[in-house]
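Please open the model in your viewer and keep the sequence panel beside it. The tour below proposes a series of selections and describes what each one shows.

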Amino acid sequence: MDSEQSSNASQIVGSNTDNLFSIIDRANVHGLNLTVPEDAKETIKPWDERESTDKFADSNVDDQLIIHVPFAQNVRMKSVLLKLGRGGSTPRRLRLYANHANIIDFSEVDDVQPALNISLLEGEIGVTEYPLRMTAFSSINSLSLFFSDSVGEESTRIYYIGFKGETRITRKEGSSKLEIPAANAADSTLTDTLREKSAAQQPTAK
């Protein structure tokens, strides 16, 4: 179901905790309706370059552009981070399409339900964080980001796209598939976890 989100965004002030930059398959990031197609990758920057305005992606024939971001493994996503163009090149709407094998096309966007429809803040000059519902973004392997409705209605500029969340490790035992957050998997083995559950279910002698 299409969901609208706005007003919960916040200015980023500090750390790169839970930054998913290293999990993005940057070589396969690409876009549609960009002045320079290769510039889609330029929006995916390390944390310490997030405020840089040296590199960016501009829309081409109008104010709509789509950037497709694949991940090297499934992630549980908490938020999307954006630094947008200023003035007339600021987009006011973002639609997120999750887990499409290929970039969603302009001919599909009105027929395919987005995972989330976000009203973007205007007038922000720094990186802004937009929180996501983790239940809807609990196992993501790719996102297509469709920016539109720029203030000037002619072009859109994107400086930075980032994400916060955690990686997931998929393990199989028999016919059952268990997904464990990577951060927790390092703390205990699957065998230890199952042994603890088994012990907890044993009757207590009185």
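**Strand pairing around β6**

Begin by selecting β6 together with β7 (residues 116-119): the two strands run antiparallel and are joined by four bridges. Strands here are DSSP E runs of at least two residues, helices are H or I runs of at least four, and both are numbered from the N terminus; two strands are taken as paired if DSSP finds at least two bridges between them. This is a predicted model, in which local features need pLDDT of at least 70 and side-chain atom pairs count only at pLDDT 80 or more, while totals for chains, interfaces and linings use all residues. Residues are numbered from 1 along each chain as its sequence is written, and side-chain values use heavy atoms, with hydrogens and water left out.

Now add β9 (residues 140-150) to the selection; seven bridges join this strand to β6 (residues 91-98), and the pair is again antiparallel. Which residues stand across from Arg-95? Its bridge partner in β9 is Phe-146, and in β7 it stands opposite Asn-117.

**Ser-144 and its surroundings**

Stay in strand β9 and select Ser-144. This residue has a relative accessible area of 0% and is therefore classed as buried, a term that means under 20% relative accessible area, with exposed meaning over 50% and partly exposed in between (1.4 Å probe, protein chains only). The side chain of Ser-144 makes a polar contact with that of His-68 at 2.8 Å, where a polar contact is a pair of N or O atoms within 3.5 Å; within protein, one atom must be able to donate a hydrogen and the other to accept it, and residues adjacent in sequence count only if both atoms are side-chain atoms. A polar atom of the Ser-144 side chain also lies 3.4 Å from the backbone nitrogen of Ile-104. If you display the residues in contact with Ser-144 (heavy atoms within 4.5 Å), leaving aside neighbours within four places in sequence, you will find among them Ile-66, Arg-95, Tyr-97 and Asn-102.

**The nonpolar cores**

Next, colour the largest nonpolar core, which has 32 residues, and of these Leu-145, Phe-147 and Phe-163 touch the most other members. Such a core is a set of buried Ala, Val, Leu, Ile, Met, Phe, Trp, Tyr and Cys residues joined through side-chain atoms within 4.5 Å. At least two residues of this core come from each of β5 (65-84), β6, β7, β9 and β10 (157-173), and β5 gives the largest share, nine residues. A second, separate core of six residues includes Ile-66, Ile-103, Ile-104 and Val-109.

**Two positive phi angles**

Select Asn-33, in the loop between β3 (30-32) and β4, where phi is near 60°, a positive value in a residue other than glycine. Asn-33 is buried, because its relative accessible area is 18%. Asp-149, in strand β9, likewise has a positive phi of about 60° although it is not a glycine, but its relative accessibility is 35%, so it counts as partly exposed.

**Confidence along the chain**

Finally, colour by pLDDT, the predictor's confidence in each residue from 0 to 100. The chain averages 83, and 73% of the residues score at least 70. Among its elements, strand β4 (residues 57-58) has the highest mean, 98, and helix α1 (residues 182-185) the lowest, 45. Over residues 171-180 the pLDDT is below 50, and this stretch has 21 contacts in the model beyond near neighbours in sequence.
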